[in-house]
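This briefing covers the overall dimensions, the sheet, two helices and one loop residue. The structure is shown first, and the notes follow by topic.

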Amino acid sequence: MSCPTTLVWDDGYLGYDFGPHPMSPWRLQLTMDLAGQLGVLDRVEMVAPAPASEALLLTAHTPRYLEALRAASTDRRYTGFGLGPGDTPRFDGIYDVSALIAGGSVRAAEAVWARPGAHAVNIAGGLHHAMAEEASGFCVVNDAVIAIHALLAAGAARVAYIDIDVHHGDGVQAAFYGDPRVLTVSLHQDPRTLFPGTGRPGDLGAGAGEGTSVNVALPPGTDDEAWLRAFEAVVPSVVRAFAPDVLVTQCGCDTHIGDPLAELRLTVDGQRTAIAALHRLAHDAAGGRWLALGGGGYNLVGCVPLTWTHLIAEMTGHPLDPAAAVPDAWRATVIGRAGSPGVPVRMGERPDPVIAVRAWEPGSEAVIDRSIAATRSAIFPLLGLDPGDPRD
Ligand SMILES: [Zn+2]
Ligand SMILES: [Zn+2]
């Protein structure tokens, strides 16, 4: 099956650059180069974004925060509203490039909304930690929140957001915590062990939005099999019960075993399998409308370009063989800049690329199954599902 896929890209994205920092824009360039050399980009419609207007940015942020971003764009000594020193330092032009990335996610949302079955991706997006009035966790403007607002304004009645980044999708959850039109689902490393320290199974949404925030807290060390078991035990059920018009996914890949900032143990194959599951869910539960965003991912060579190339390929309906060779030209470029350690040879990592996922069983005392049970027992009743029934 081929799926019409729009890829929103502008070289201007590479200006989202904190300098010496884990979130190097090189990871975006490496992804585009790898996807191009493997022919994946031949199957997408590539479009350039316009910067998000101030009116769009105001759907997620306050006027005084935007004013601060303008000041931070030119004032080298600017601090405030979460902007440096620390995780999220200011840089020249921070307002314009942040608006460009947000505009990219809105452009992708428009492509997805234009017709049933459409997919679109903005790998520079997924900046899920940005709050209404605070930069946080490398995120300045919350393009995911803005794109979801754009979908609602275009006529979507219900939007499901699934966040598979290793960190809790706190900014998106906060924006829609009381909003019954938006389901947010985040699978992340246990917040007691990782930034931003939120996203507990009992955080369920509030007021009219009660039952529309879903949090799966995964123990450090969670591997491919355990992660996929948790996903299958929670995500398809809650998304189907919510019955969205469109699926928005934040596809951060910092769950990787080689990621320097977190402690899960997924491989590129586990991440690829998760992305394929999101694709199936978009067709099964959201009329095929799928907006995919990037996110975290700090293993710049060994993970991000591979996983996001798999993402784009999967979206087009032509997934790549994990046994496929990484092109020599790509490897040579990487080796020239960073040396040869850790430069991948194949597009997959596991000897057994088809991962056997054992279904969750009620009453199991396995660590991952206790995490699963905590989420199911908190949220399932609010969605009319039975937390103890493995068929739900
Ligand atoms: Zn599809
Ligand atoms: Zn992250």
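Strands β1 (residues 5–8) and β3 are joined by three bridges in the parallel sense. Thr-6 has Ala-120 of β3 as its bridge partner. The model is predicted. Its protein chain holds 11 helices and eight strands.

**Overall dimensions**

- The radius of gyration of the protein chain is 19 Å, which agrees with the value near 21 Å for a compact globule of 392 residues.
- Taken along the principal axes, the C-alpha atoms of the protein chain fill a box of roughly 55 × 50 × 40 Å.
- Of the 392 residues in the protein chain, 53% are buried.
- Among contacts with a separation of 6 or more, 75% are between residues 24 or more positions apart.

**The sheet as a whole**

- Eight strands make up an open sheet with parallel pairing, and their order is β2-β1-β3-β8-β7-β4-β5-β6.
- At the edges are β2 (45–47) and β6 (213–218), each of which pairs on one side only.
- From one strand to the next, the twist averages 15 degrees.
- Helix α8 packs on this sheet and touches β4, β7 and β8. The direction of α8 makes about 165 degrees with that of β7.

**Strands β3 and β8**

- β3 (residues 119–122) is joined to β8 by four bridges, in the parallel sense.
- Within that pair, Asn-122 has Leu-293 of β8 as its bridge partner.
- Both faces of β3 are covered. His-119 and Val-121 lie on one side, Ala-120 and Asn-122 on the other, and all are buried.
- In a regular strand, side chains alternate between the two faces of the sheet.

**Strand β7 and its neighbours**

- β7 (residues 246–250) is mostly covered, with five of its five residues buried.
- Val-246, Val-248 and Gln-250 point one way from β7, while Leu-247 and Thr-249 point the other way.
- On one side, β7 pairs with β4 (residues 159–163) over five bridges in the parallel sense. Ile-162 has Thr-249 of β7 as its bridge partner.
- β7 also pairs with β8 (residues 290–293), in the parallel sense and over four bridges. Here Val-248 has Leu-291 of β8 as its bridge partner.
- The connection between these two strands involves α8 (residues 268–285): β7, α8 and β8 make a right-handed β-α-β unit.

**Helix α5**

- α5 (residues 143–154) has 12 residues. The distance from its first C-alpha to its last is 16 Å, close to the 16 Å expected at 1.5 Å a residue.
- Because 10 of its 12 residues are buried, α5 is largely enclosed by the rest of the structure.
- The buried residues of α5 include Asp-143 and His-149, along with Val-145, Ile-146, Ile-148, Leu-151 and Leu-152.
- Gly-155, just after α5, takes a positive phi of about 125 degrees.

**Helix α9**

- The 13 residues of α9 (residues 304–316) should span 18 Å at 1.5 Å a residue, and the end C-alpha atoms are 19 Å apart, which agrees.
- α9 is mostly covered: 13 of its 13 residues are buried.
- Just after α9 comes Gly-317, with a positive phi of about 90 degrees.

**Pro-322 in the loop after α9**

- Pro-322 sits in the loop between α9 and α10 (328–338).
- Is Pro-322 buried or partly exposed? There are 19 other C-beta atoms within 10 Å of Pro-322, and a buried residue needs 20 or more, so Pro-322 counts as partly exposed.
- Apart from neighbours within four places in sequence, Pro-322 is in contact with Asp-269, Arg-272, Arg-346, Met-347, Gly-348 and Pro-353.
- Pro-322 and Ala-135 are 187 residues apart in sequence, and their C-alpha atoms are 37 Å apart in space.

Methods: Residues numbered from 1 in each chain as written. Chains lettered and ligands numbered in written order. Predicted model: local features only at pLDDT ≥ 70, side-chain atom pairs only at ≥ 80, totals over all residues. Pairing = 2+ DSSP bridges. Right-handed = clockwise from strand over helix to strand, strands pointing away. Axes fitted to C-alpha atoms, helices over the stretch in contact; angles between N-to-C directions. Contact = placed C-beta atoms within 7 Å. Expected span 1.5 Å × (residues − 1). Rg over C-alpha atoms; globule rule 2.2 N^0.38 Å.
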